[in-house]
Amino acid sequence: MQLVLENIFRFILLVLVQVFVLDNIQFLGYVSPMIYVLFLLSLPVCLPGWAQLLLAFGIGLTIDMFSNTMGMHAFASVLTAFARNPVINLFVSSEEISRPTPSFRSFGVSAYIKYIVVLVLLHHSALFLIESFSFINISLLIPKILISSLVTILLILGTKSLFKSRR
């Protein structure tokens, strides 16, 4: 029950921070930090795939409603949730997972950072490719993906470092 309440609190807090703080940050059109991705990355490992996809759609749609982006965040979030378990299996063996939620402690520092980097890059690539809906300005799109991903990764790692989980 405590895990459910933690995830509900995390959902609400991350949506509020994203909508009221981070959506108002734009630096030359390149930096768009997306802290709400942390909700998807922090879901329990044992959660069924359909539940992960449903929660990803829920948070993506919530961000879309506040941002008026017509499903772009929902698509990127569902894609990230779909790729989550294969990425976990790529970096962490099933014997190494001792705790139910991904963290520095449960995955190890190196594996957790790789996990965060791959999924944030995937999320941002999908989101910004849909937003531009073209490869014509690829010279502007790639820096936007990389810079926004870097800022998001640093925000996520900083947040996880500050609020070390007991799990």
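**Exercise 1. Helices α3 and α4**

Determine the handedness with which α3 passes α4 in this predicted model, and characterise the packing of the two helices.

*Solution.*
Step 1. The crossing of α3 over α4 is right-handed.
Step 2. Helix α3 covers residues 49-67, and it packs against α4 at an angle of about 155 degrees, the axes being 7 Å apart.
Step 3. Angles over 145 degrees count as roughly antiparallel; α3 and α4 are therefore roughly antiparallel to each other.
Step 4. By class, this contact of α3 with α4 comprises 11 nonpolar, six polar and two charged residues.
Step 5. The α3 side consists of Q52, L53, A56, F57, I59, G60, L61, I63, D64 and S67, which meet M72, H73, A74, S77, V78, A81, F82, R84 and N85 of α4.

**Exercise 2. Helices α4 and α6**

State at what angle the axes of α4 and α6 cross, and classify their relative orientation.

*Solution.*
Step 1. The two axes come within 9 Å and cross at roughly 155 degrees.
Step 2. This angle makes α4 roughly antiparallel to α6.
Step 3. In handedness, α4 passes α6 in a right-handed crossing.
Step 4. Residues of α4 in the contact include M72, H73, F75, L79, V87 and F91, while those of α6 include A111, Y115, L119, L122, I130 and E131.
Step 5. The contact of α4 with α6 divides into 16 nonpolar, four polar and three charged residues.

**Exercise 3. Helices α6 and α7**

Establish whether α6 is oblique or roughly antiparallel to α7, and describe their contact.

*Solution.*
Step 1. The axes of α6 (residues 109-132) and α7 (residues 138-162) come within 9 Å and cross at roughly 140 degrees.
Step 2. That crossing angle makes α6 oblique to α7, since roughly antiparallel requires an angle over 145 degrees.
Step 3. The crossing of α6 past α7 is right-handed.
Step 4. Among the α6 residues that meet α7 are Y112, I116, V120, H124, F128 and E131; their counterparts in α7 include L141, I145, S149, I153, I156 and K160.
Step 5. By class, the contact of α6 with α7 has 14 nonpolar, six polar and three charged residues.

**Exercise 4. The second largest pocket**

Identify which helix gives the most to the lining of the second largest pocket, and describe that lining.

*Solution.*
Step 1. The second largest pocket has a volume of about 210 Å³.
Step 2. Its lining numbers 17 residues, of which Q26, S32, M34, H73 and E131 are the closest to the pocket centre.
Step 3. Helices α4 (72-91) and α6 each supply at least two lining residues, and α6 gives the most, with three.
Step 4. By class, the lining has seven nonpolar, seven polar and three charged residues.
Step 5. Two of the central residues recur from Exercise 2: H73 and E131 are closest to the pocket centre, and they also belong to the contact of α4 with α6.

How values were computed:
Residues numbered from 1 in each chain as written. Predicted model: local features only at pLDDT ≥ 70, side-chain atom pairs only at ≥ 80, totals over all residues. Heavy atoms only, no water. Axes fitted to C-alpha atoms, helices over the stretch in contact; angles between N-to-C directions. Helix = DSSP H or I, 4+ residues; strand = E, 2+ residues; numbered from the N terminus. Parallel < 35°, antiparallel > 145°, perpendicular 65-115°, else oblique. Left-handed = near helix turned anticlockwise from the far one by under 90°. Contact = heavy atoms within 4.5 Å. Nonpolar A, V, L, I, M, F, W, Y, C, P; charged D, E, K, R; others polar. 1 Å grid on protein atoms, 1.4 Å probe; cavity = no way out; pocket = protein on both sides within 12 Å on 5 of 7 lines; lining within 4 Å. Points joined across faces, edges and corners; volume = space filled by probe spheres on them.
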